[in-house]
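Hi,

Here is the structure I promised to pass on to you. Have a look at it first, and then read on for what turned up.

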Amino acid sequence: MYAPPGVKTSKDMPVPDTMKAWVLGDPGELKFTDKPVPVPKRAEVLVRIDAVAICATDLEIIWHGPPASIQGGMPFNKNWTPGHEYMGTVAALGPGVDEYKIGQRVTVEIHAGCGQCKRCRAGMYTSCHNYGLNYGDVDKGHRANGFTTDGGFCEYQVNNINTLVAIPDSMSDEEATLVVTAGTAMYGLTELGGLVAGESVVVTGPGPIGLLGVAVAKALGAHPVILTGTRDNRLKIGLELGADYVVNARNENPVEAVRKLNGGKGVDYVVECSGAPNAVNDAVRMVNRGGKVCLAAFPHEETPVDVAHIVRNNIYLYGIRGEGKSATHRAEAFMSQKRFDATKVHTHTFPLEDLPTAIKYARERIDDAIKVVVKTRSSAAQRVAAE
Ligand SMILES: [Zn+2]
Ligand SMILES: [Zn+2]
């Protein structure tokens, strides 16, 4: 029975010593195995993972490696578990933790940061200067589950209390996995200087972050909100989430369409979520002079950028990483108030043992998959019942 010294557990929620977990072998290779249930330290809790969503960054990591960094290097063949967009139930408390209680439902953000560098001290823990330094004699305690520490494609994980967001019972497990995605969109808008109600926004790329970016911008009072993309089914969801206009870039030039929709001058902000090779050049032509562009996605290759246009027009470019400055808490506040229905981007659910199928759906967009969620709990319950 799980009873590590100094860790508080409850007989109402017994924790096993071992758990099922997926680990990354060679690039693209996942293996289902058993691992010891991890032990929370000071300021950490053990979370029983109930649901975990698959993110495009998971696919990037599983096939290519970065931005994961495990023991200072590539994540392959290190018995390492990927997955980062999860939610669950607090199952045990590390020494001294009284901020959360066992049995409480939470969702998580990814980056705990080191808590001691310049950026962490300013709330920018997603750009921690000690990223991935959590091993050997350079252990700065950095945690970004599913990036620099074990992640969520398993049954239990430890989380720093700073990465937990309490959720109401009215929020489903699937919806709760999307808080961090909405939080990323919210962090982007915060880093641009904070959207002022009534200002105009274009979101390029109707993936999960883009679609929830539309919802967040609208909830913040942006007008108009324009979504550009190439798939009509996703643009339609954008309209349901609050976009005033959608532009299918296959049918018309998106830069011209955006400028026409906004009086010829272009918009105040672009949130670039497509990662398309020409996305930056398009975005800097969609904003008006002095406008701001948030880059929330990245292309595989280096791409040429029209610097002269950016300089002549005083355009600001911001690269944003993840969901800093407690943006997930603000996203959760919007979602628990039902200011938008994030579940519109959730399309498929699979049990934990079917993770490879779930990943195939997400990667190949089978059956118009957008956000694919893996439920951990049903499989655990089934296994207990079978024993
Ligand atoms: Zn993600
Ligand atoms: Zn730091």
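A donor, in what follows, is an N, O or S atom within 2.8 Å of the metal, and water is not among the atoms, so a site may look incomplete. Please also keep in mind that this is a predicted model.

With that in hand, let me begin with the zinc ion listed as ligand 2. Its donor residues follow the spacing C-x2-C-x2-C-x7-C in sequence. The residues in question are Cys114, Cys117, Cys120 and Cys128, each of which coordinates the zinc ion (ligand 2) through SG, at 2.3 to 2.4 Å. What is the geometry of the site? The site of the zinc ion (ligand 2) is tetrahedral, with angles of 101 to 117° among the four donor atoms. For comparison, the ideal angle for four tetrahedral donors is 109.5 degrees. Two of these cysteines can be placed by accessibility as well: Cys117 is buried because its relative accessible area is 8%, under the 20% cut-off, and Cys120 is buried too, at 12%.

The other zinc ion, ligand 1, has a mixed set of donors: Cys55 (SG), His84 (NE2) and Glu85 (OE) coordinate the zinc ion (ligand 1) at 2.0 to 2.3 Å. Here the spacing of the donor residues in sequence is C-x28-H-E. Cys55 sits in the loop between strand S3 (44-53) and helix H1 (56-64), while Glu85 belongs to strand S4 (residues 85-93), so this pair ties together parts that are 30 residues apart in sequence. Are Cys55 and Glu85 buried or exposed? Both of them are buried, and for Cys55 the relative accessibility is 10%.

While we are on cysteines: how many disulfides does the structure hold? The count is zero.

Now to the helices. Helix H4 (residues 179-191) and helix H5 (residues 208-219) have axes that come within 8 Å and cross at roughly 60°. That angle makes H4 oblique to H5. As for its hand, the crossing of H4 and H5 is right-handed.

Helix H8 (residues 279-286) deserves a look on your screen too. Six of its eight residues are buried, so H8 is largely enclosed by the rest of the structure. Which residues of H8 are buried? They are Ala279, Val280, Asn281, Ala283, Val284 and Met286.

The backbone has a few spots you may want to click through:

- Pro66 to Pro67 is a cis peptide bond, with omega near 5°. Pro67 is in the loop between H1 and S4.
- His223 and Pro224 are also joined by a cis peptide bond, and omega there is about -10°. Pro224 is in the loop between H5 and strand S9 (225-229).
- Ala43 is a residue other than glycine with a positive phi, near 65°. Its place is the loop between strand S2 (30-36) and S3, and Ala43 counts as partly exposed at 21% relative accessibility.
- Lys325 is not a glycine either, yet has a positive phi of about 50°. Lys325 is in the loop between strand S13 (316-319) and helix H10 (327-336), and is partly exposed, with a relative accessible area of 32%.

Finally, two pairs of residues for finding your way around the fold. His64 is in helix H1 and counts as partly exposed, at 45% relative accessibility. Its C-alpha atom and that of Pro27 are separated by 6.4 Å, with their positions 37 residues apart along the chain. Phe32, in strand S2, is partly exposed as well, with a relative accessible area of 33%. How far apart are the C-alpha atoms of Phe32 and Val165, and what is the separation along the chain? The C-alpha atoms are separated by 28 Å, and the two residues are 133 residues apart along the chain.

If you open just one view to start with, I would suggest the zinc ion (ligand 2) and its donors Cys114, Cys117, Cys120 and Cys128, followed by the zinc ion (ligand 1) with Cys55, His84 and Glu85.

Happy browsing, and best wishes

Note on methods:
Residues are numbered from 1 along each chain as its sequence is written. Chains are lettered from A and ligands numbered from 1 in the order in which they are written. This is a predicted model: local features need pLDDT of at least 70, side-chain atom pairs count only at pLDDT 80 or more; totals for chains, interfaces and linings use all residues. Side-chain values use heavy atoms; hydrogens and water are left out. Donors are N, O and S atoms within 2.8 Å of the metal (3.2 Å for Na, K and Ca); water is not among the atoms, so sites may look incomplete. Four donors count as tetrahedral if all angles lie between 85 and 135 degrees; four count as square planar and six as octahedral if opposite donors are over 155 degrees apart and all others between 65 and 115; anything else is irregular. Buried means under 20% relative accessible area, exposed over 50%, partly exposed in between (1.4 Å probe, protein chains only). A disulfide is a pair of cysteine sulfur atoms within 2.5 Å. Axes are lines fitted to C-alpha atoms, for helices over the stretch in contact, and angles run from 0 to 180 degrees between N-to-C directions. Helices (H or I, at least four residues) and strands (E, at least two) are DSSP runs, numbered from the N terminus. Angles under 35 degrees count as roughly parallel, over 145 as roughly antiparallel, 65 to 115 as roughly perpendicular and the rest as oblique. A crossing is left-handed if the near helix is turned anticlockwise from the far one by less than a right angle, and right-handed if clockwise.
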